[in-house]
Amino acid sequence: MSENNPPLNTSTTTATATAPPDINTRGIPYYEKLKRDLRETLQRKRLLDKNMATLEDQIYRFEAAYLEETS
């Protein structure tokens, strides 16, 4: 989709000019917060995955019981 982007002026473009203004001032506390959030989110995902696997197993057993009962 580069056809929609304005042309870059290579004489004034640097790595820090294209980054958001506060990216260089965030530092370690921001990184630690992101790391903690990621850890918590992954833990929540594992719990949801476990719950889903349990639910899928229950559905499988209910379907099997129903099919046995009706055949």
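Accessible area is taken here from the Shrake-Rupley method with a 1.4 Å probe. With that in mind I opened this predicted model and noted that the chain exposes about 7100 Å², of which carbon and sulfur atoms supply 59%.

**Entry 1, overall.** I looked up the secondary structure and found that the chain comes to 2 helices and 0 strands. I then asked what share of the 71 residues in the chain is buried, and the value is 0%. My search of the whole structure for salt bridges returned 4, and I went through three pairs, including Asp37 with Lys33.

**Entry 2, Asp37 and Lys33.** I found these two joined in a salt bridge, with the closest N and O atoms 2.8 Å apart. Where do they sit relative to each other in helix α2? That helix covers residues 27–70, and Lys33 and Asp37 are 4 residues apart in it, so about one helical turn separates them. I also checked accessibility: Asp37 has 26% and counts as partly exposed, because the buried class is reserved for values under 20%. Lys33 is partly exposed as well, at a relative accessible area of 41%.

**Entry 3, Lys45 and Asp49.** Further along I recorded a salt bridge between the side chains of Lys45 and Asp49, at 2.7 Å from N to O. This pair too lies in helix α2 with a spacing of 4 residues, which means that the two are about one helical turn apart. For Lys45 I noted a relative accessible area of 45%, which makes the residue partly exposed, and for Asp49 I noted 38%, again in the partly exposed class.

**Entry 4, Asp57 and Arg61.** Here I found an arginine in the pair: the side chains of Asp57 and Arg61 meet in a salt bridge at 3.0 Å, N to O. How many residues apart are they in helix α2? They are 4 residues apart, about one turn of the helix. Asp57 is partly exposed at 38% relative accessible area, and Arg61, at 47%, is partly exposed too; I kept Arg61 in that class because exposed requires a value over 50%.

**Entry 5, looking back.** I set the three pairs beside one another in my notes: Asp37 with Lys33, Lys45 with Asp49, and Asp57 with Arg61 each lie 4 residues apart in helix α2.

Definitions and conventions. Residues numbered from 1 in each chain as written. Predicted model: local features only at pLDDT ≥ 70, side-chain atom pairs only at ≥ 80, totals over all residues. Heavy atoms only, no water. Buried < 20%, exposed > 50% of the residue type's maximum accessible area, 1.4 Å probe, protein only.
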